[in-house]
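Please open the model in the viewer and display the side chains. The tour below proceeds from the whole chain to individual residue pairs.

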Amino acid sequence: MLEMKYFVLKPRAKDRYDMFARASQDAMIAYSERIRTTDPLFADQLLTWAAKEKARQDKLR
């Protein structure tokens, strides 16, 4: 049974096919959408970061 207090996301990919990074990026986008009404600035910062890492990963070989 997995029991944790914290879960760390790592959106920076090692290569184009790094599915752990892609899942982290997607999770950051979902989190951003969920908190937008409470903290729009933080939501925008997360969304920008995730989009940057997605674009970077798409350019990797």
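Helices and strands are taken here as DSSP runs, of at least four residues for a helix and at least two for a strand, numbered from the N terminus. On that basis, this predicted model contains two helices and zero strands.

Begin with the whole chain. The C-alpha trace spans about 40 × 35 × 10 Å along its principal axes, and 25% of the 61 residues count as buried. About 5,200 Å² is exposed, of which carbon and sulfur atoms supply 60%.

Next, colour the charged residues. The chain carries 13 positive and 9 negative charges, whose mean positions lie 6 Å apart. Four salt bridges are found in the whole structure; three of them are visited below.

Select arginine 22 and aspartate 58. Their closest N and O atoms are 2.8 Å apart, forming a salt bridge. Arginine 22 belongs to helix 1 (residues 19-35) and aspartate 58 to helix 2 (residues 40-59), so this pair ties together parts 36 residues apart in sequence. Arginine 22 counts as buried, at 16% relative accessibility, whereas aspartate 58 is partly exposed at 41%.

Move to aspartate 26 and lysine 54, where a salt bridge has an N to O distance of 2.9 Å. This pair also links helix 1, through aspartate 26, with helix 2, through lysine 54, across 28 residues. Aspartate 26 is partly exposed at 39% relative accessibility, as is lysine 54 at 23%.

Finally, select arginine 36 and aspartate 44, whose side chains meet in a salt bridge at 2.7 Å, N to O. Arginine 36 is partly exposed, with a relative accessible area of 30%; for aspartate 44, also partly exposed, the value is 38%.

Methods
Residues numbered from 1 in each chain as written. Predicted model: local features only at pLDDT ≥ 70, side-chain atom pairs only at ≥ 80, totals over all residues. Heavy atoms only, no water. Buried < 20%, exposed > 50% of the residue type's maximum accessible area, 1.4 Å probe, protein only. Areas by Shrake-Rupley, 256 points an atom, 1.4 Å probe, with all protein chains shown as cover. Lys, Arg positive; Asp, Glu negative; His and termini not counted. Charge placed at Lys NZ, Arg CZ, Asp CG, Glu CD.
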